[in-house]
Amino acid sequence: MSGTAPVLRLLWEPWADAGLGLPSYETAGAAGADIRANLRPRDRRAGFILDPMHRAIVPTGLRMEIPAGFEVQIRPRSGLALKHGITLPNTPGTIDSDYRGPLGVLLINLGDEPYTIRHGDRIAQLIVAPVVQARFETVAGLSGTARGEGGFGSTGRG
């Protein structure tokens, strides 16, 4: 890691199991840090069942302070999506630098079977990304391009 990497300051919720550890990059080339389900004590033994076509916010037990000029994106884990149909309905989820509330992961089960989320399961990936805020202005016309007004599907097959 570079000495210029942004630092996310993390705070455990009072009920959280800090023994699960902080989000972590599982390989040297990983772009996303894995986030774990940190279930409330009453749910830890049985896990949390996510039925087909249902959504739920799964707690991580963390709050974070993201440096100004950055955002955190929450993205699905490909293995969960492929094997079980577990994904995020609003992918990527965006966490703004001025948010200080609990970090929950909104999951949906697109599979055919109920899926049990266990305490400590890796449920999503956290990506730290720079943010550029644009200025918006109205104009009388837009510059032309070779593509022009071609929209959805206009540059590929079907």
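Two strands count as paired here if DSSP finds at least two bridges between them. Hello everyone, and keep that in mind, please, while I walk you through this model, which is a predicted one.

Let me start with a sheet. Four strands make it up, and it is an open sheet, with the order β2-β10-β5-β7 and antiparallel pairing. At its edges sit β2, residues 33-36, and β7, residues 93-95, and each of these pairs on one side only. If you look at how neighbouring strands in this sheet are set against each other, they are turned by 35° on average, ignoring direction.

Now let's go through the pairs. Beginning at the β2 edge, β2 pairs with β10, residues 122-130, in the antiparallel sense, and the two share four bridges. A spot to find on your screen is R36, which stands opposite R122 in β10. Next, β10 and β5 run antiparallel and are joined by six bridges. Then β5 is joined to β7 by three bridges, again antiparallel.

Which residues are the bridge partners of V72? In β10 the partner is V128, and in β7 the partner is I95. So much for the first sheet; a word on side chains in general before we go on. In a regular strand, side chains alternate between the two faces of the sheet.

There is further strand pairing to look at. Strand β1, residues 9-12, pairs with β4 in the antiparallel sense over four bridges. Within that pair, L10 has M64 of β4 as its bridge partner. On top of that, β4 and β8 run antiparallel and are joined by seven bridges. If you want a landmark there, take L62, whose bridge partner in β8 is L103.

Let's move inside. The largest nonpolar core has 22 residues, and the ones that touch the most other members are V58, V72, I74, V105, L107, I117 and I123. Which elements each supply at least two residues of this core? They are β4 (55-65), β5 (70-75), β8 (102-109), β9 (115-117) and β10.

I'd like to stay with I74 for a moment. Setting aside residues up to four places away in sequence, I74 touches a long list of others, among them I35, L88, L103, V105, A124 and L126. That list also includes T91, P92, G93 and I95, and we will meet T91 and P92 again shortly.

How many cavities of 30 Å³ or more does the structure hold? One. The largest cavity has a volume of about 80 Å³. Its lining is made of 14 residues, and G21, L22, P23, I35 and R36 lie nearest its centre. The elements that give two or more residues to this lining are β2 and β4, and β2 gives the most, with three residues. You may remember R36 as the residue opposite R122.

Now a few individual residues. T87 lies in strand β6, residues 86-87. Is T87 buried or exposed? T87 is buried, because its relative accessible area is 16%, and the cut-off for buried is under 20%. Beyond its neighbours up to four places away in sequence, T87 touches P76, L106, L107, I108 and L110.

F48 is in strand β3, residues 48-50. With a relative accessible area of 29%, F48 is partly exposed. Leaving out neighbours within four places in sequence, its contacts are L39, A56, Y115, T116 and I117. F48 and G93 are 45 residues apart in sequence, and their C-alpha atoms are 21 Å apart in space.

To finish, two points about the backbone. As a general background, most residues other than glycine have a negative phi, and most peptide bonds are trans. Where does this model depart from that? The bond joining T91 and P92 is a cis peptide bond, with omega at about -10°. P92 is found in the loop between β6 and β7. The other case is M53, which has a positive phi of about 65° although it is not a glycine. M53 is in the loop between β3 and β4, and is exposed, with a relative accessible area of 53%.

That's my tour. Thank you for listening, and do turn the model around for yourselves.

Methods. Residues are numbered from 1 along each chain as its sequence is written. This is a predicted model: local features need pLDDT of at least 70, side-chain atom pairs count only at pLDDT 80 or more; totals for chains, interfaces and linings use all residues. Side-chain values use heavy atoms; hydrogens and water are left out. Axes are lines fitted to C-alpha atoms, for helices over the stretch in contact, and angles run from 0 to 180 degrees between N-to-C directions. A nonpolar core is a set of buried Ala, Val, Leu, Ile, Met, Phe, Trp, Tyr and Cys residues joined through side-chain atoms within 4.5 Å. Buried means under 20% relative accessible area, exposed over 50%, partly exposed in between (1.4 Å probe, protein chains only). Contact means heavy atoms within 4.5 Å. On a 1 Å grid over the protein atoms alone, a cavity is a set of points where a 1.4 Å probe fits but cannot get out, and a pocket is an open set with protein on both sides within 12 Å along at least five of seven lines; lining residues have an atom within 4 Å of a point. Grid points are joined across faces, edges and corners, and a volume is the space filled by probe spheres set on the points.
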